[in-house]
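I sat down with this entry to look up a few points on one sheet and on two acidic residues, and I note below what I found for each.

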Amino acid sequence: MKCPKCGSEYAYQDGTLWTCPECAHEWSEAEAASASPAQDEGVRDANGNPLATGDTVTLIKDLKVKGSSSTVKSGTKVKNIRLVDEAVDGHNISCKIDGIGAMYLKSEFVRKA
């Protein structure tokens, strides 16, 4: 097991705790297991598939366009998405939708096509 703090491979088990000889960090196996999913980086769609810039996605929910009376229907394909580094209010995908224009989407409302 690697140290979650410094990444050292020399961690050893001391009773019920794991100890890192390089940074003196101590943790339990349960803490390491619960921290693992949180360390998983990257943007994922509603099904848990990793997304990348340039992917094509499909909307899984009707979305209202803010500041307009129009909606984007479920099943709409969005080509050539761009992932946003600093998500604004959870909107981590930037894209252009035909007939609507440029907008931001939340990854929880799309699935990889």
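In what order do the 3 strands of the open sheet run, and is their pairing parallel or antiparallel? I was working from a predicted model, and in it I read the order as 8-9-10, with antiparallel pairing. Strand 8 (82-88) and strand 10 (101-105) each have a single partner strand and stand at the edges, so one side of each is left without a neighbour in the sheet. I also looked up the turn between neighbouring strands of this sheet, which is 35 degrees on average when direction is ignored.

Next I went to the pairing of strand 9 (residues 91-97) with strand 10, where I found 5 bridges joining the two antiparallel strands. One of the residues I checked there was Ile97, whose bridge partner in strand 10 is Gly101.

I then turned to Asp89, which sits in the loop between strand 8 and strand 9. Asp89 counts as exposed, because its relative accessible area is 65% and the cut-off for exposed is over 50%.

My last entry concerns Asp45, in the loop between helix 1 (29-39) and strand 4 (57-59). Which side chain of opposite charge is nearest to this buried residue? I found that it is Arg44, 6.9 Å away, and that Asp45 has no salt bridge. Polar atoms of the Asp45 side chain do, however, lie 2.9 Å from the backbone nitrogen of Gly48 and 2.8 Å from the backbone nitrogen of Lys112. Leaving aside residues up to four places away in sequence, I noted that Asp45 touches Leu51, Ser107, Val110, Arg111 and Lys112.

Methods
Residues numbered from 1 in each chain as written. Predicted model: local features only at pLDDT ≥ 70, side-chain atom pairs only at ≥ 80, totals over all residues. Heavy atoms only, no water. Pairing = 2+ DSSP bridges. Helix = DSSP H or I, 4+ residues; strand = E, 2+ residues; numbered from the N terminus. Axes fitted to C-alpha atoms, helices over the stretch in contact; angles between N-to-C directions. Buried < 20%, exposed > 50% of the residue type's maximum accessible area, 1.4 Å probe, protein only. Lys, Arg positive; Asp, Glu negative; His and termini not counted. Salt bridge = Lys/Arg side-chain N within 4 Å of Asp/Glu carboxyl O. Polar contact = N/O pair within 3.5 Å; in protein donor to acceptor, adjacent residues only side chain to side chain. Contact = heavy atoms within 4.5 Å.
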